[in-house]
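Q: I am a first-year student learning to read protein models, and I would like a close look at a single part of this one. Could you take me through the sheet slowly, and then through what lies across it?

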Amino acid sequence: KISQIIKSPTVRIMLCLYQKGDTRHTQLSKLTTSRGTLSLSLRELEQEGLIQRKIIDTKPIQSIYSLTEKGNTIAKQLKEIQQQILKGTLQAVSAP
């Protein structure tokens, strides 16, 4: 189901960054139940060129995440899909 995809940690991270902009690692950790899941999702998104990480040399060190241009384009589309799901207007498309 498409509604399950929207609930995946990776998509939730992208939508959070789309809505909030630059976001600290600690804020993103609230989106998942596991630190391992968060780390894996962030690493995959970064490798795909969808997010970027900025390290701030403070004590403790802070990681700030933001969407890249490519990530912003995809997150915008995900947000539109999410809104359609919430409105109940997303129609299933069957393969020919």
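A: In this predicted model, three strands form an open sheet, in which the order is β1-β3-β2 and the pairing is antiparallel. The edges of the sheet are taken by β1 (23-24) and β2 (51-56), and because each of these has a single partner strand, one side of each is left without a neighbour in the sheet.

It helps to take the two pairings in turn, beginning with β1. This strand is joined by two bridges to β3 (residues 62-67), and the two run antiparallel. Within this pairing, Thr23 stands opposite Tyr65 in β3. On the other pairing, six bridges join β2 to β3, and these strands also run antiparallel. Here Arg53 has Tyr65 in β3 as its bridge partner, so that Tyr65 is a residue to look for in both pairings. As for how the chain passes from one strand to the other, β2 and β3 form a hairpin, with five residues between them.

A second residue of β3 that repays a close look is Ser63. With a relative accessibility of 16%, Ser63 counts as buried, since the cut-off for that word is under 20%. If residues up to four places away in sequence are left aside, Ser63 touches Thr23, Arg24 and His25, and also Arg53, Lys54 and Ile55.

Now turn to what lies across the sheet. Helix α2 lies across β1, β2 and β3, and α2 runs at about 85° to β3. The same helix, which covers residues 9-20, also packs with helix α5 (residues 69-87), at an angle of about 105° and with the axes 9 Å apart. The two helices are therefore roughly perpendicular to each other, a term that covers angles of 65 to 115 degrees. In this contact, α2 contributes Val11, Met14, Leu15, Tyr18 and Gln19, while the residues they meet in α5 include Gly71, Ile74, Ala75, Leu78 and Gln82. Sorted by class, the contact of α2 with α5 has seven nonpolar, four polar and two charged residues.

Arg12 is another residue in helix α2. Its relative accessible area is 36%, so Arg12 is described as partly exposed. Arg12 touches Ile6, Lys7 and Leu31, again without counting residues up to four places away in sequence. Measuring from C-alpha to C-alpha in the model, Arg12 and Leu78 are 9.6 Å apart in space, although 66 residues separate them in sequence.

To place this part within the whole, note that the protein chain has five helices and three strands, which follow the pattern α-α-β-α-α-β-β-α when read along the sequence. Of the 96 residues in the chain, 28% are buried. Among contacts with a separation of 6 or more, 50% are between residues 24 or more positions apart.

Finally, a careful reader should ask how much confidence the prediction carries. The mean pLDDT of the protein chain is 88, and 89% of its residues reach 70 or more. Confidence is highest in β3, with a mean of 96, and lowest in helix α1 (residues 2-6), with a mean of 74. Over residues 92-96, however, the pLDDT is below 50, and this stretch has zero contacts in the model beyond near neighbours in sequence. Where pLDDT is low, the predicted coordinates should not be read in detail.

Conventions:
Residues numbered from 1 in each chain as written. Predicted model: local features only at pLDDT ≥ 70, side-chain atom pairs only at ≥ 80, totals over all residues. Heavy atoms only, no water. Axes fitted to C-alpha atoms, helices over the stretch in contact; angles between N-to-C directions. Helix = DSSP H or I, 4+ residues; strand = E, 2+ residues; numbered from the N terminus. Parallel < 35°, antiparallel > 145°, perpendicular 65-115°, else oblique. Contact = heavy atoms within 4.5 Å. Nonpolar A, V, L, I, M, F, W, Y, C, P; charged D, E, K, R; others polar. Pairing = 2+ DSSP bridges. pLDDT = per-residue confidence, 0-100. Buried < 20%, exposed > 50% of the residue type's maximum accessible area, 1.4 Å probe, protein only.
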